[in-house]
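Hi,

Here is the structure I promised to pass on. Have a look at it first, and then read on for what turned up in it.

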Amino acid sequence: MDEKMNYYPISREEWQGFYHNGKAPLTEEELESIKGFNDQISLQDVQDIYVPLTHLIHLYMKEFESLTVSKGLFLHEYVPVPPFIIGIAGSVAVGKSTTARLLQIILSRTFKRRNVQLITTDGFLYPNRVLEEKGIMNRKGFPESYDMEKLIDFLNQVKNGQDEIKAPLYSHSVYDIIEGEYEIIQQPDILIVEGINTLQLPANQQIYVSDFFDFSVFVDADPNLIEKWYLERFGALLDTAFLEPDNYYYQYAIGNREEAFSMAKEVWKNVNLKNLEEYILPTRGRADIILHKTENHIIDKIFMRKY
């Protein structure tokens with residue numbers, strides 16, 4: 001890691017030793033239901049990695065709440081505690097979604113009185129018709145394919161405690177925004193924001209998405225491994241899409257499998273890998289915690305930001 005001087009490198013064994021008082025607050029069946037297509041995470045991983053991580057997040061939350069109280073004392077008025085926002089970043093197919101859903105469950109069950117909600121930044125992609133109009137359909141997932149103003153406005157509304165906020169919905173099966181459908185965010189105490197672009201610094205932007213984060217996690221792995229996981233996930237999608245004619249992957253599922261995989265490898269090389277190298281990896285050094293994965297999605301090292 002180029003940023004290693006800014007982080008404490010911690011082995012898995014050291015990390016799990018930092019907090020002994022917790023157990024994984026979910027069952028094997030529940031874990032199975034939230035895992036990505038080809039994620040290999042186990043309950044042991046949850047206990048070794050995510051329970052201590054939740055404890056660390058709680059320490060950040062307590063400091064965040066303490067600072068808010070201090071502001072109120074300074075101003076001689078009541079200052080409400082804003083939602084605590086956690087950003088989850090990383091490449092396509094690296095396991096961000098599993099991490100985000102897992103943290104939502106653990107935080108909800110650890111802090112039962114807290115309202116913990118989750119959104120993905122996929123919902124803030126421009127619809128395909130707009131991408132086509134802009135001539136950037138082949139750049140889907142790159143910074144310019146997101147409506148960053150809408151995402152920043154959404155996060156600003158969350159931080160300001162607005163009652164009900166609409167978050168656009170994205171469907172991976174149809175590969176597009178679902179017009180007219182929204183997820184309603186209702187005054188969360190904790191909001192998890194997951195996406196490849198959560199730590200990026202788009203040009204000409206006065207406010208960044210990460211400005212709203214109180215804690216951030218980057219899920220990391222060697223690009224060659226991520227490519228392997230991406231192709232495995234693509235194969236798993238083909239195995240189910242042939243039953244769904246409306247699915248984006250249906251055309252590939254019913255066609256020549258070798259040609260489908262050739263297409264997927266080209267997409268990885270020309271879109272996902274390029275996006276990873278040019279726009280996602282450079283943001284890794286902005287995360288509070290980096291979870292480094294090896295073969296079979298095993299987290300072997302954790303990097304904790306020094307300052």
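Before the pockets, a word on names: helices and strands here are DSSP runs, with at least four residues for a helix and at least two for a strand, and they are numbered from the N terminus. Also keep in mind that this is a predicted model.

Now the pockets. The largest one has a volume of about 1,300 Å³. It is lined by 50 residues, and those closest to its centre are V92, D122, H172, R233 and Y249. Which elements give two or more residues to that lining? They are α4 (96-110), β3 (116-120), β4 (165-171), α7 (223-241) and α9 (257-280). The largest share, six residues, comes from α9. By type, the lining of the largest pocket splits into 25 nonpolar, 15 polar and 10 charged residues.

The second largest pocket holds about 170 Å³ of space. There, 15 residues make up the lining, with P127, K150, P168, I177 and E179 the closest to the centre. Strand β5 (residues 176-185) gives the most to this lining, with six residues. Eight of the lining residues of the second largest pocket are nonpolar, two are polar and five are charged.

One last thing, on the surface: F242, L243 and I254 make a nonpolar patch of about 330 Å². You'll find F242 in the loop between α7 and α8 (250-253). F242 counts as partly exposed because its relative accessibility is 42%, and that class runs between the cut-offs of 20% for buried and 50% for exposed.

Cheers

Terms used: Residues numbered from 1 in each chain as written. Predicted model: local features only at pLDDT ≥ 70, side-chain atom pairs only at ≥ 80, totals over all residues. Heavy atoms only, no water. 1 Å grid on protein atoms, 1.4 Å probe; cavity = no way out; pocket = protein on both sides within 12 Å on 5 of 7 lines; lining within 4 Å. Points joined across faces, edges and corners; volume = space filled by probe spheres on them. Nonpolar A, V, L, I, M, F, W, Y, C, P; charged D, E, K, R; others polar. Patch = residues over 30% accessible without salt bridge, like charges linked within 9 Å, V, L, I, M, F, W, Y side chains within 5 Å. Areas by Shrake-Rupley, 256 points an atom, 1.4 Å probe, with all protein chains shown as cover. Salt bridge = Lys/Arg side-chain N within 4 Å of Asp/Glu carboxyl O. Buried < 20%, exposed > 50% of the residue type's maximum accessible area, 1.4 Å probe, protein only.
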